[in-house]
Amino acid sequence: MLTDVNKMPADARVWVYLCSRELTDAEVQGVSKKTSAFADQWTAHNQQLRTAFTILYSRFLILMIDEKQAMASGCAIDSSVHFVKSLERE
């Protein structure tokens, strides 16, 4: 379940991915659209995760999970890494 970044708790689990270059506005829009779709369906052991993301300075993709609702499992973390790698390949 995708939520607003500003509604995530201070103790949310956070992953930060750095792009090797500044993304164009069109690329930021594309990454945002794909990340929104991924984050909205992100699960751990068939439990919906409360997630949020943002892109800062056209370089940083920040993914967040509120683990009070459901913990991020190894498989959930692996799926996020696979997702980010798919963005990289594009």
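A residue counts as buried when its relative accessible area is under 20%. Keep that cut-off in mind for this tour of a predicted model.

**Stop 1: T3**

Select T3, which sits in the segment before β1. Is T3 buried or exposed? Its relative accessibility is 19%, so T3 counts as buried. Now show what surrounds T3: leaving aside neighbours within four places in sequence, T3 is in contact with M8, R50, T51 and A52. Keep M8 and R50 on screen, since both return at the next stop.

**Stop 2: D66**

Move on to D66, in strand β5. With a relative accessible area of 8%, D66 is buried. Apart from residues up to four places away in sequence, D66 touches M8, P9 and R50. M8 and R50 are thus familiar names, as T3 is in contact with them too. Next, display the side chain of D66 and the backbone of K68: the D66 side chain reaches the backbone nitrogen of K68 at 3.0 Å.

**Stop 3: the aromatic rings**

Now select W15, F38, W42 and F83, which ring pairs link into a cluster. Across the whole structure, a search finds three aromatic pairs. Begin with W15 and W42, whose pair is tilted, at 5.9 Å centre to centre and with 55 degrees between the planes. Which parts of the chain does this pair link? W15 belongs to strand β1, while W42 lies in the loop between α1 and β2 (43-44), so the pair links distant parts of the chain, 27 residues apart. Both W15 and W42 are buried.

Then turn to F38 beside W42. The ring centres of F38 and W42 are 5.1 Å apart and their planes are at 40 degrees, so this pair is tilted. If you colour by accessibility, F38 comes out at 8% and counts as buried. W42 is buried as well, with a relative accessible area of 1%.

**Stop 4: S58**

Next, find S58 in the loop between β4 (50-56) and β5. At 18% relative accessibility, S58 counts as buried. Show the residues around S58: not counting those up to four places away in sequence, S58 touches R21, E22, L23 and V28. For a distance to try in the viewer, pick the C-alpha atoms of S58 and C19. These two residues are 39 apart in sequence, and their C-alpha atoms are 8.3 Å apart in space. Leave C19 and L23 selected, as both appear again at the last stop.

**Stop 5: the largest pocket**

Finally, turn on a surface and look for the largest pocket, which holds about 540 Å³ of space. How many residues line the largest pocket? There are 19, and those nearest its centre are C19, L23, V31, L87 and E88. Select these five as a way to centre your view.

To see where the lining comes from, colour β1 (13-18), α1 (25-41), β5 (60-66) and α2 (74-89), each of which supplies at least two of its residues. Which element gives the most to the lining? That is α1, with five residues. For a last view, colour the lining by residue class: eleven residues are nonpolar, two are polar and six are charged.

Note on methods:
Residues are numbered from 1 along each chain as its sequence is written. This is a predicted model: local features need pLDDT of at least 70, side-chain atom pairs count only at pLDDT 80 or more; totals for chains, interfaces and linings use all residues. Side-chain values use heavy atoms; hydrogens and water are left out. On a 1 Å grid over the protein atoms alone, a cavity is a set of points where a 1.4 Å probe fits but cannot get out, and a pocket is an open set with protein on both sides within 12 Å along at least five of seven lines; lining residues have an atom within 4 Å of a point. Grid points are joined across faces, edges and corners, and a volume is the space filled by probe spheres set on the points. Helices (H or I, at least four residues) and strands (E, at least two) are DSSP runs, numbered from the N terminus. Ala, Val, Leu, Ile, Met, Phe, Trp, Tyr, Cys and Pro count as nonpolar, Asp, Glu, Lys and Arg as charged, and the others, Gly among them, as polar. Buried means under 20% relative accessible area, exposed over 50%, partly exposed in between (1.4 Å probe, protein chains only). Contact means heavy atoms within 4.5 Å. A polar contact is a pair of N or O atoms within 3.5 Å; within protein, one must be able to donate a hydrogen and the other to accept it, and residues adjacent in sequence count only if both atoms are side-chain atoms. Rings of Phe, Tyr and Trp (its six-membered ring) pair if their centres lie within 6.5 Å; planes under 30 degrees apart count as stacked, over 60 as edge-to-face and the rest as tilted.
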